Amino acid sequence: MALLRHTTDDVVERQALTVNPAKTCQPIGAMYAALGIHRCLPHSHGSQGCCSYHRSTLSRHYKEPAMAATSSFTEGSSVFGGQANLLQALNTIFSVYEPDVVAVHTTCLSETIGDDIPQIADAATAKGFVPEGKRVIHCNTPSYVGSHTTGFANMTKAMVDYFSTSSGDEKVAGQVNIIPGWVEPADMGEIKRLVKMMGLDGITFPDTSDVLDAPLTAEYNMYPKGGATIEQLEATGDSSGTIALGPICSGPAAEALQTKCGVPQETLPLPIGLRATDMFIQALRKYNGGEVPPEITAERGRLVDLVSDMSQYFYGKTVALWGDPDQLVSLTQFLVDLDMRPKYIITGTPGKVFLRRIGDVLGDGVKDVVVKQGPQADMLYIHQLIKREKVDLLIGNTYGKYISRDEDIPLIRHGFPILDRIGHQYFPTTGYRGAMRLCEKILDAFLDRQDRDAPEESFELTM
Ligand code: SF4
């Protein structure tokens, strides 16, 4: 905190230094995606320290135990490779913890060594360490490239590579794959609810609803009831189509499924906000004969009514945002639709399409907005921008709380990770109802500030 108070508004062009990155490491995303397979134990092929960081970050965000195993690399594995450790681990995991699937992701160290995971998994099978009907899948997640979002994308694509099968050219009418992207468990539940209301048989993968937001019962269950089953993942190859939500997190899996099984795919923005949810519903209409049930129309109408009631308070308010590209694009669109003014938008996740997508959303307004991506698009940079010219609102993960306090600007926590609040995993921000919740949070932040700062003669009881 004291260090942040010494942040200056003098932005120096940096080439090699990142200060407080606006991203986390790849395996965290792979682990989160793997938890969206029913009875799956994620496995971190690297040191105990990596696994403990990945698990603790997920547990601190979701406030649930994130179960995972590790190859527990020591100095010897660093020199000779991690094959012996992974073989022993698979033998122990299947005999003690009895998962249906072990989802192995690599780490910086095992990638640098060059461990060949499929070859090690084959060796484990040959030795009888993988029981009949059980599966080992893998993805590569070196964390010196990408971010937690690309790790999520890689593990989601691995689900297609290892499981999806096509039983012929005939596809199942009304069966649609939904790849929800990195959103909260409650968002996955909300997306599934909308698909069901549209009368469709959706296969959602990965699906962390009822895994990381499972109810408290008197019994400990290492594998909660949620998650996509092996049978569902195999059946994705016979679906009529795939709707991928968020090109960074979901696009690679949808494209792989199209190539592997001939399932046509459509990649959309995450359904955060009115316009993006409209696009999602329109995409679903292609599979149900075009009907939109009156309940969904009513939910949309309520959101429009709420926005019209609130719009006078939103108009012209400036916002700084940071986080993951898929979320930022949809959030920015929603803020623009609310007549607010995104002013600074940064993501630490590298990639080619983000700047173009943000440019499409902002249109001519892009010239008034600072948009930055990559290692130097960090929390120091956005703090310096804010020091130069303040904004009315911050939207991003927990790491912005220092800026919020230092600059006295309200913060709406959104994205990953949220380490200092509880409950976000239970309430969606996707769909029309999620957009209503977002509007309420934004307006509450403005009005709480107004009540705090208003002189006594204009401290109003009624809006
Ligand atoms: S950045 Fe690399 S070394 Fe650090 S926790 Fe992630 S995988 Fe492990």
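Domain bounds here come from an automatic or database domain assignment. On that basis, the protein, seen here as a predicted model, splits into three parts: domain 1 (2-15 + 301-453), domain 2 (26-163) and domain 3 (172-292). Domain 1 is thus written as two stretches of the chain, 2-15 and 301-453.

Start with how domain 1 and domain 3 meet. Their centres, taken over C-alpha atoms, are 26 Å apart. Across the boundary, 27 residues of domain 1 are in contact with 25 residues of domain 3. On the domain 1 side, α14 (325-337) and α18 (431-453) each put in at least two residues. The largest share comes from α14, with nine residues. Sorted by class, this side of domain 1 holds 12 nonpolar, 11 polar and four charged residues.

Besides touching domain 3, α14 has a helix partner, α15 (residues 354-362). The axes of α14 and α15 come within 9 Å of each other and cross at roughly 10°. Angles under 35 degrees count as roughly parallel, and the two helices are therefore roughly parallel to each other. From α14, the contact draws on P325, V329, T332, Q333 and V336, while α15 brings F354, R357, I358, V361 and L362. Seven of the residues in this contact are nonpolar, two are polar and one is charged.

Next come the sheets. One is an open sheet of five strands, laid out in the order β11-β10-β9-β12-β13 and paired in parallel. At its edges stand β11 (370-373) and β13 (411-413); each has a single partner strand, so one side of each is left without a neighbour in the sheet. On average, and ignoring direction, neighbouring strands of this sheet are turned by 15° against each other. Within it, strand β9 (residues 318-322) and strand β10 (residues 341-347) run parallel and are joined by five bridges. In one of these pairings, T318 has R341 of β10 as its bridge partner. Helix α16 (residues 379-388) lies across β9, β10 and β11, and runs at about 155° to β10.

Another open sheet has four strands, in the order β6-β5-β7-β8, again with parallel pairing. Here the edge strands are β6 (201-204) and β8 (265-268), each pairing on one side only. Neighbouring strands of this sheet are turned by 25° against each other on average, direction ignored. Strand β5 (residues 172-179) and strand β7 (residues 239-245) pair in the parallel sense over five bridges, and V172 stands opposite S239 in β7. Two helices pack on this sheet. Helix α11 (residues 247-261) touches β5, β7 and β8, and its direction makes about 175° with that of β8. Helix α12 (residues 274-288) also touches β5, β7 and β8, with its direction at about 165° to that of β8.

That leaves the ligand. The residues around it are C25, P27, G46, C50, Y53, T107, C108 and S143. By class, this shell has five nonpolar residues, three polar ones and no charged ones.

Conventions. Residues are numbered from 1 along each chain as its sequence is written. This is a predicted model: local features need pLDDT of at least 70, side-chain atom pairs count only at pLDDT 80 or more; totals for chains, interfaces and linings use all residues. Two residues are in contact if their C-beta atoms, placed from the backbone, lie within 7 Å. Ala, Val, Leu, Ile, Met, Phe, Trp, Tyr, Cys and Pro count as nonpolar, Asp, Glu, Lys and Arg as charged, and the others, Gly among them, as polar. Axes are lines fitted to C-alpha atoms, for helices over the stretch in contact, and angles run from 0 to 180 degrees between N-to-C directions. Angles under 35 degrees count as roughly parallel, over 145 as roughly antiparallel, 65 to 115 as roughly perpendicular and the rest as oblique. A residue is near a molecule or strand if its C-beta atom, placed from the backbone, lies within 6 Å of it. Two strands pair if DSSP finds at least two bridges between them.
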